[in-house]
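Got the model open in your viewer? Here is a short walk through it, one selection at a time.

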Amino acid sequence: MKSDLHAAPEVTHSPVPIPEVVAALRATYASGRTRPAAWRIEQLRGIERLLDEREGEIAQALAEDLGRDAFETWMSDILTAKSEAAYARKRVRRWMRPRPRPLPLNQMPALGWVQYEPLGVVLVIGSWNVPLTVTLGPLVGAVSAGNCAVVKPSELTPATSRLLARLLPKYLDAEAIAVVEGDGRTTQTLLAQGFDHVFFTGGTEIGRKILAGAAPHLTPVTLELGGRNPAIVMRDANLAVTARRIAWTKVFISGQSCIAADYVLVERAVRDELVDRIVRSLTEFRSAATTRGVRIVNERQFDRLAGYLASTGATVAFGGGTNRATLTVEPTVLVDPSPEDPVMREEVFGPILPVLAVDSLDEATAFVNARPKPLAAYVFTRSARTRRRVLSEVSSGGAVVNHLTLQEVVPQLPFGGVGASGMGRYHGRWGFETLSHRKAVLLKPFKPDPRFFYPPYTDRTIKLMHRMLGV
C-alpha cells in the first residue's frame, strides 16, 4: 500500500535535511528529558487534546483524502487513537515500574528484576486507510516508552499528512517528535539513518522492503501488514446477525481495512440464506447513500479492485459496478469464485466480498491453512467445540468469535500479525513493551563470597559446586 522504496533521490517536505532532523532528536534523547513519567504523560495528554480540539480539521482532511464523512472519521480514527492515548496515560507510571523476578536458591542472596528503558529514537511509518489510527497508535507506544520519534505519514493521504505535520509540533514536544513528509524515497532515506526501532503499517510487499532497508543497521522492526482474513460461518450461527456484521465491514471505510473479512467460507446448507441476508444488509446500509458505490483512495487501488471484478467468473449476487471518474466501487458479493481468481489470491482491501460454500469445518480449516497466515480469523458459531477447533487449528494474528474487526480497538489485547501478516505487537501495554528495552538486572551483595567458586578447582570443590548448582 506504499510507494516504491527503491526509486531514486530523496524527496522530503521537511525544511531540514533528514540526517539533521534525526541528529537533533538523538541529542534530545541523550539529554534524558523523555525518560520521566511526567514527560510521557504530557505527550499522551497532548495527543488527546489534538484529537479533541481539532476534530473538525481532521474530518475535513480525511474527507479530502478519502471521501469520508465526519462520523466515519470519528469512528475509524479519532475514537480509536484517543482511547489508546487515554488508556496509556492512566497506566504508564505503573508500566514503568521495575518488575521483580523470583530467583533460584543457588543465586541467593540476590535480587532480580526487569527494568524498562526507552530504546532511543524510533521511526513510525503510517498507512493511508486509517491514517490517524495507524500513525498515532504506534506513537502512543513510542512516547509512553519514553522515546523520541520521527513520524512519517502516508503520502497517499496528503491532506492528512500536512495536517499532522502542522499540528503535532503544536501539541507535542517538537524537540522530541518530528514529522517528515514525503514518498517512498523519503522512507528509504529515513531507514538509512539507523533508528533504534522501526514501526511500519502497510502492505506485505512494502513491508519486505522496510525489513530489507532496516537490515544493514540491524534495526528491529515491527511490521503491521495485511492478509487474507477468513470468516468461517457454520450452520448453527445466527445468520441474521452474522450477515449484518460481515456486510458492515465491507461498507465501513469502503472495506479498506487490513482486518476486514477478505472472504467467507460458509457451510453449504446455509450458503444461499447467508448470501441473501448479506445482500439485504448491504441494501439497508446503503439506502440513504446518494451513490451506489463507495469511494476508493486513488486510481491505482480503484484499478486493482475493478480488475478483480473484471477477471472473476463468480456469480455476482450484489453490486459489481464501478465508476473510474468518481473512484467508486459498489459493495459487491461474489458467490463461489474460483480459488485461482485474483480476488481469491490477493488481499482485497476494498468493498468486495467473495463467498464460498464448504461441506465441513475440516474443509474450511484446510482451505485457510493452505494459504499464508492471516492477520485475523473470524468464526461464527454457537458451538464451543467448533470455536475451540478454529482457535487451535487456524494460525492468525488475532481472532474474533461471532464478530469482526473489534479486536483492533481493545487496548487490553495485543494486536499484530504472524508470518506474512506481520511481526510484533502493540496496543496498550503491548505497545509500551514493544518500544521499550527490557533490561534484566541481578543485584548481588559483596558477601558471602565463597572461596571455592574460584580456581584452582579441586575434585572436592567441583563436587560441591555440582551439588549446590543442582546439575
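Select Glu64 to begin: with a relative accessible area of 52%, Glu64 is exposed. Keep in mind as you go that this is a predicted model. Now add Arg162, which is partly exposed at a relative accessible area of 46%. Glu64 and Arg162 form a salt bridge, and the closest N and O atoms are 3.5 Å apart. This pair links distant parts of the chain: Glu64 sits in helix H3 (residues 55-66) and Arg162 in helix H6 (residues 158-171), 98 residues apart. As for the chemistry, side chains of opposite charge can pair when their charged atoms come close.

How many salt bridges does a search of the whole structure find? The count is 28, so let's drop in on a few others.

Next stop, helix H10 (residues 271-285): pick Asp276 and Arg280, which both lie in this helix. They are 4 residues apart, about one turn of the helix. Zoom in on the side chains and you'll find a salt bridge, with the closest N and O atoms at 2.7 Å. Arg280 is partly exposed, with a relative accessible area of 47%, and Asp276 is partly exposed too, at 39%.

Now jump to Glu433 and Arg438. Their side chains meet in a salt bridge, 3.0 Å from N to O. Is each partner buried or exposed? Glu433 is buried, with a relative accessible area of 16%, because the cut-off for buried is under 20%. Arg438, at 47% relative accessibility, counts as partly exposed. While you're in salt-bridge mode, select Arg33, Asp173 and Glu175 together: salt bridges that share partners join these residues into one network.

Time for some helix packing. Show helix H13 (residues 361-369) and helix H14 (residues 384-393) as cartoons; their axes are 11 Å apart, and the helices pack at an angle of about 20°. That angle makes H13 roughly parallel to H14, since angles under 35 degrees count that way. The crossing of H13 past H14 is right-handed.

Which residues meet where H13 packs on H14? Turn on side chains for Leu361, Asp362, Thr365 and Asn369 on the H13 side, and for Thr386, Arg389, Val390 and Glu393 on the H14 side. Color them by type and this contact divides into 2 nonpolar, 3 polar and 3 charged residues.

Stay with Thr386 for a moment, in helix H14. At 12% relative accessibility, Thr386 counts as buried. What does Thr386 touch, leaving out residues up to four places away in sequence? Select Met234, Leu361, Val379 and Thr381 to see these contacts. Leu361 should look familiar: you've just had it on screen as one of the H13 residues in the helix contact.

Last stop: Gly321. Find it in the loop between strand E11 (315-318) and strand E12 (322-323). Not counting residues up to four places away in sequence, Gly321 touches Thr328, Val329 and Glu330, so light up that trio around the glycine. To finish, draw a distance from the C-alpha of Gly321 to the C-alpha of Leu309: your viewer should give 8.7 Å, for two residues 12 apart in sequence.

Terms used: Residues numbered from 1 in each chain as written. Predicted model: local features only at pLDDT ≥ 70, side-chain atom pairs only at ≥ 80, totals over all residues. Heavy atoms only, no water. Axes fitted to C-alpha atoms, helices over the stretch in contact; angles between N-to-C directions. Helix = DSSP H or I, 4+ residues; strand = E, 2+ residues; numbered from the N terminus. Parallel < 35°, antiparallel > 145°, perpendicular 65-115°, else oblique. Left-handed = near helix turned anticlockwise from the far one by under 90°. Contact = heavy atoms within 4.5 Å. Nonpolar A, V, L, I, M, F, W, Y, C, P; charged D, E, K, R; others polar. Salt bridge = Lys/Arg side-chain N within 4 Å of Asp/Glu carboxyl O. Buried < 20%, exposed > 50% of the residue type's maximum accessible area, 1.4 Å probe, protein only.
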